[in-house]
Amino acid sequence: MTERHDAVDVITAKRDGRALTDDQIDWVIDAYTRGVVAQEQMSALAMAILLRGMTRPEVSRWTAAMTESGQRLELSGLDRPTVDKHSTGGVGDKITLPLVPLVAVFGVAVPQVSGRGLGHTGGTLDKFETIPGWRADLSTAHIMAQLRDVGAVVCAAGASLAPADRKLYALRDVTGTVESIPLIASSIMSKKIAEGTRALVLDVKVGSGAFMKDRNHALELARAMVDIGADAGVTTSALLTDMSTPLGRAVGNANEVAEAVEVLAGGGPDDVVELTVALAREMLAACGITGVDPAEALADGRAMDVWRRMVAAQGGDPMAPEPLAPHTEAVVADRDGVISRMDALGVGIAAWRLGAGRSHQDDRVAASAGVYLHKTLGQHVHKGEIIMTLCTETEARMPRGLLALAEACAGRGAVEISDVGARGPIVLDHVAAVV
Ligand code: URA
């Protein structure tokens, strides 16, 4: 077959700072998916994009082409609005677990396609998979039936969802081109748009434990994703939220499920409840639902009812006890004072080293490994009091977890006790669509 463009022309256009045409973008994504554009050519193009950037129309077209590279879930047959949330990932970020059933309480359908974790940030599926029997791989018929019956589903992306992104993301990982904001934004949004939701709320995290360490970059990413959503006809907004310290007290997998269940039972840590409720309000508003109080649905058990039905619909036992780690070690305070630093990255790396995270896509994660924070940022401690407990299934990992805490923050340690310290606001900013 004769190709209508030449990859070298597309690469040199971007290298020289020119905007790509719609047809060049459609062709290059399609030809790359078909294997006609070679890996080395796409590497060069990704690097040119990283260095030269893309205009809003280019990014939106690039995203649409990646969405079109696979199948799009058809949710229009549902009799209710659809809304989803995407988090850019953090430490202790179990918000999806209470949020999805909470939003479904109000009569909207929440189709949440999630991923597995890599590195220090946990993956939602890894947490759910600690529930005995729970399955992430669902057929489209199952997803639709569950959205009709329960209103909420959390599942893995099938191979047909944005295959161009799957291939390109793996390439960016090994070519130093992950950090390009247009490429990150289009990668995330192509998958979310393919999932078929009509509305989307983004939780863009900023801080040491987040992908974006710096507020301006996080805002830039949020703006790019909200613009892509608007251009694709998906009602999209973003909250910028703090990830300088872990969310809640549990960091790991099964312990995060247990904490999410506490929130669904009307308790749980204040920061987890606050962010869950803030995102629920934003998601409901995106569906035109205002004047309701998501906090009430946590307190009165309605969200818990949906959670149990959602877990059971995917084969899971919602009453199964939390698996406990065979090896634990307490970290204690070496002085009286206030926790003035509890670094998200340091705690996240410690949990990873203890076995809660993976270094390669096919690594197994340990259900009961992780960190439990008895004290969090801004709390008073006495000398000798337990600050955190490290948990692992493999004893040899314990020193690696402790070392990660000690080495954090350029050797200053993940935890600092001094005379003053306070937890700042969780929601830092809001980014709305400009159409
Ligand atoms: N997550 C994605 O899905 N894509 C990126 O490029 C970065 C994070």
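Biologist: Is Ala162 buried or exposed?

Modeller: Keep in mind that this is a predicted model. Ala162 sits in the loop between strand 3 (152-156) and helix 8 (163-173). The cut-off for buried is under 20% relative accessible area. Ala162 has 1%, so we call Ala162 buried.

Biologist: And what is phi of Ala162 near?

Modeller: Most residues other than glycine have a negative phi. Ala162 goes the other way, with a positive value in a residue other than glycine. Phi of Ala162 is near 45°.

Biologist: Where is Cys409 placed?

Modeller: Cys409 also has a positive phi, near 55°, and it isn't a glycine. For its place, look between helix 16 (398-407) and strand 12 (415-418). Cys409 is in the loop there.

Biologist: On to the sheet. Which strands are the edge strands?

Modeller: The sheet is an open one of four strands, with mixed pairing and the order 1-4-5-13. An edge strand pairs on one side only. That gives strand 1 (83-87) and strand 13 (427-431).

Biologist: What does the twist average from one strand to the next?

Modeller: Go along the open sheet in the order 1-4-5-13. From one strand to the next, the average twist comes to 20°.

Biologist: Which residue in strand 5 is the bridge partner of Asp203?

Modeller: Strand 4 covers residues 199-206 and strand 5 covers residues 235-242. The two pair in the parallel sense, over eight bridges. For Asp203, the bridge partner in strand 5 is Leu239.

Biologist: Which helix packs on the sheet, touching strand 1, strand 4 and strand 5?

Modeller: Look at residues 181-194, whose direction makes about 155° with that of strand 1. Those residues form helix 9.

Biologist: Now the ligand. Which residue has a polar side-chain atom 2.5 Å from an oxygen atom of the ligand?

Modeller: The residues around the ligand are Tyr169, Arg172, Ile184, Ser187, Ile188, Lys191 and Phe211. With Tyr169, a side-chain N or O atom is 3.4 Å from a nitrogen atom of the ligand. With Arg172, a side-chain N or O atom is 2.8 Å from an oxygen atom of the ligand. The 2.5 Å contact to a ligand oxygen belongs to Lys191.

Biologist: What percentage of the ligand's accessible area does the protein cover?

Modeller: On its own, the ligand has 240 Å² of accessible area. Among the residues surrounding the ligand are Ile184, Ile188 and Phe211. The share of that area covered by the protein is 86%.

Key: Residues numbered from 1 in each chain as written. Predicted model: local features only at pLDDT ≥ 70, side-chain atom pairs only at ≥ 80, totals over all residues. Heavy atoms only, no water. Pairing = 2+ DSSP bridges. Axes fitted to C-alpha atoms, helices over the stretch in contact; angles between N-to-C directions. Contact = heavy atoms within 4.5 Å. Near = heavy atom within 4 Å. Polar contact = N/O pair within 3.5 Å; in protein donor to acceptor, adjacent residues only side chain to side chain. Areas by Shrake-Rupley, 256 points an atom, 1.4 Å probe, with all protein chains shown as cover. Buried < 20%, exposed > 50% of the residue type's maximum accessible area, 1.4 Å probe, protein only.
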